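Here's a quick briefing on how the helices in this one fit together. Have a look at the structure first, then go through the points below.

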Amino acid sequence: MNKKTMRLKLKEYMQFLKEMERSEQTRKQYQRDIGKFIEEMKQSAVTKEDVIDYKKDMQQKYQPSSVNTKIAALNGFFEYIGRKDLRIRQISIQKRAYCRQPPLTVIRAILSGQTGTSPAINRYAAKGSLHE
């Protein structure tokens, strides 16, 4: 499929997304992301390797969550045009464990032995730890 055909298919896909009641913001973002891919196509026929290379290029420029958003746009488009074989996996993002730190004033109060002065200080002091 050449660039001209891909651009026509992109217009059809945008209409499809509108009919599926996707938000205008989503449609604009998909238009940009897919359009950029089409413009950067090197050959007239797209291969899975081209899409993987594009993903690698995006990883050099964007945060993983942004790359995944762009991949989602491309994968939806590939499915729409009947090219499921071009779909690629998103980047795995390791979630960080969340550990809430107490306010600095609470830490100072506990370290200086000023327990009993506020409910917040008492809560942290009773646990024997500065982590909630």
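Start with the first two helices: the axes of α1 (residues 3-19) and α2 (residues 24-39) come within 11 Å and cross at roughly 170°. Angles over 145 degrees count as roughly antiparallel, so α1 is roughly antiparallel to α2. Keep in mind that this is a predicted model.

**How α1 and α2 pair up**
- The crossing of α1 past α2 is right-handed.
- On the α1 side, the residues in contact are Lys-3, Met-6, Arg-7, Leu-10, Tyr-13, Met-14, Leu-17 and Lys-18.
- On the α2 side, they meet Arg-27, Tyr-30, Gln-31, Ile-34, Gly-35, Phe-37, Ile-38 and Glu-39.
- Sorted by type, the residues of this α1 with α2 contact come out as nine nonpolar, five charged and two polar.

**The loop between them**
- Glu-21 sits in the loop that links α1 and α2.
- Its phi is near 65°, which is a positive value in a residue other than glycine.
- For context, most residues other than glycine have a negative phi.
- Is Glu-21 buried or exposed? Glu-21 counts as exposed, because its relative accessibility is 71% and the cut-off for exposed is over 50%.

**A closer look at α2**
- With 16 residues at 1.5 Å a residue, α2 should span 22 Å, and its end C-alpha atoms are indeed 22 Å apart, so the two values agree.
- The buried residues of α2 are Arg-27, Tyr-30, Asp-33, Ile-34, Gly-35, Phe-37 and Ile-38.
- What do those buried residues pack against? They pack against α1, α3 (48-61) and α4 (64-80).
- Several names turn up twice here: Arg-27, Tyr-30, Ile-34, Gly-35, Phe-37 and Ile-38 are among the buried residues of α2 and also among the α2 residues that meet α1.

**How α3 and α4 pair up**
- The axes of α3 and α4 come within 10 Å and cross at roughly 160°.
- With the cut-off for roughly antiparallel at over 145 degrees, α3 and α4 are therefore roughly antiparallel to each other.
- Their crossing is right-handed.
- From α3, the residues in contact are Val-51, Tyr-54, Lys-55, Met-58 and Gln-59.
- From α4, their partners are Val-67, Lys-70, Ile-71, Leu-74 and Phe-78.
- The residues of the α3 with α4 contact split into seven nonpolar, two charged and one polar.

How values were computed
Residues numbered from 1 in each chain as written. Predicted model: local features only at pLDDT ≥ 70, side-chain atom pairs only at ≥ 80, totals over all residues. Heavy atoms only, no water. Axes fitted to C-alpha atoms, helices over the stretch in contact; angles between N-to-C directions. Helix = DSSP H or I, 4+ residues; strand = E, 2+ residues; numbered from the N terminus. Parallel < 35°, antiparallel > 145°, perpendicular 65-115°, else oblique. Left-handed = near helix turned anticlockwise from the far one by under 90°. Contact = heavy atoms within 4.5 Å. Nonpolar A, V, L, I, M, F, W, Y, C, P; charged D, E, K, R; others polar. Buried < 20%, exposed > 50% of the residue type's maximum accessible area, 1.4 Å probe, protein only. Expected span 1.5 Å × (residues − 1).
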